[in-house]
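Colleague: I should like to learn how to read burial, contacts and confidence from a model. May we work through an example together?

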Amino acid sequence: MRACGNCGQQVSTEYFRVFADNDGVLHRCQGCTSTTAMLRGAGAGVVAQEVDR
Ligand SMILES: [Zn+2]
């Protein structure tokens with residue numbers, strides 16, 4: 001299991017691999033942002049500031 005770097009929620013290794021950035025940091029998860037935001041790259045921190053609004 002891995003943890004979200006923002007809220008600390010545990011996520012599956014598969015989820016982490018899909019959504020974390022190339023440095024191994026998961027910036028957002030479904031516990032702290034929307035599925036839509038995740039699909040836009042919020043997990044990798046690409047548009048985290050934008051999608052949080
Ligand atoms: Zn989170």
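Colleague: Is Val25 buried, exposed or partly exposed, and why?

Modeller: The general idea is to count neighbours: a residue is buried if 20 or more other C-beta atoms lie within 10 Å of its own, and exposed if 12 or fewer do. In this predicted model, Val25 has 14 C-beta neighbours inside 10 Å and therefore counts as partly exposed. Val25 is placed in the loop between α1 (13-19) and α2.

Colleague: With which residues is Val25 in contact, leaving aside its neighbours within four places in sequence?

Modeller: Such contacts show which parts of the chain come together in the fold. Val25 is in contact with Gly5, Ala20 and Gly45, once neighbours within four places in sequence are set aside. A C-alpha distance can be read alongside: Val25 and Gly43 are 18 residues apart along the chain, and their C-alpha atoms are separated by 8.1 Å.

Colleague: Let us turn to the loop between α2 and α3. Is Ala42 buried or exposed, and why?

Modeller: The same count applies, with 20 as the threshold for a buried residue. Ala42 counts as buried because 27 C-beta neighbours lie inside 10 Å. Ala42 is found in the loop between α2 (35-39) and α3 (48-52). The C-alpha atoms of Ala42 and His27 are 6.7 Å apart in space, with their positions 15 residues apart in sequence.

Colleague: How do Ala44 and Val46 count by this reading?

Modeller: Ala44 also has its place in the loop between α2 and α3. Ala44 has 19 C-beta neighbours inside 10 Å, so this residue counts as partly exposed. Beyond four places in sequence, Ala44 is in contact with Phe19, Ala20, Asp21 and His27. The C-alpha atoms of Ala44 and Phe16 are separated by 9.7 Å, across 28 residues along the chain. Val46, found in the loop between α2 and α3 as well, is partly exposed because 13 other C-beta atoms lie within 10 Å. From Val46 to His27 the C-alpha distance is 9.0 Å, and the two are 19 residues apart in sequence.

Colleague: Which residues make up the largest nonpolar core?

Modeller: In soluble globular proteins, nonpolar side chains tend to be buried together. Here the largest nonpolar core has six residues, namely Cys4, Val11, Phe19, Ala20, Leu26 and Cys29. Phe19 is in contact with Leu26, Met38, Gly43 and Ala44, leaving aside its neighbours within four places in sequence. Of the 53 residues of the chain, 21% count as buried.

Colleague: How is the secondary structure of the chain arranged?

Modeller: One lists the elements and then their order. The chain has three helices and two strands, which run β-β-α-α-α from the N terminus on. Among contacts with a separation of 6 or more, 19% involve residues 24 or more positions apart.

Colleague: Which element has the lowest mean pLDDT, and which the highest?

Modeller: Where pLDDT is low, the predicted coordinates should not be read in detail. Among the elements of the chain, α3 has the lowest mean pLDDT, 53, and strand β2 (residues 10-11) the highest, 97. The chain averages a pLDDT of 89, and 87% of the residues score at least 70.

Terms used:
Residues are numbered from 1 along each chain as its sequence is written. This is a predicted model: local features need pLDDT of at least 70, side-chain atom pairs count only at pLDDT 80 or more; totals for chains, interfaces and linings use all residues. Helices (H or I, at least four residues) and strands (E, at least two) are DSSP runs, numbered from the N terminus. Two residues are in contact if their C-beta atoms, placed from the backbone, lie within 7 Å. A nonpolar core is a set of buried Ala, Val, Leu, Ile, Met, Phe, Trp, Tyr and Cys residues joined through C-beta atoms within 7 Å. pLDDT is the predictor's confidence in each residue, from 0 to 100.
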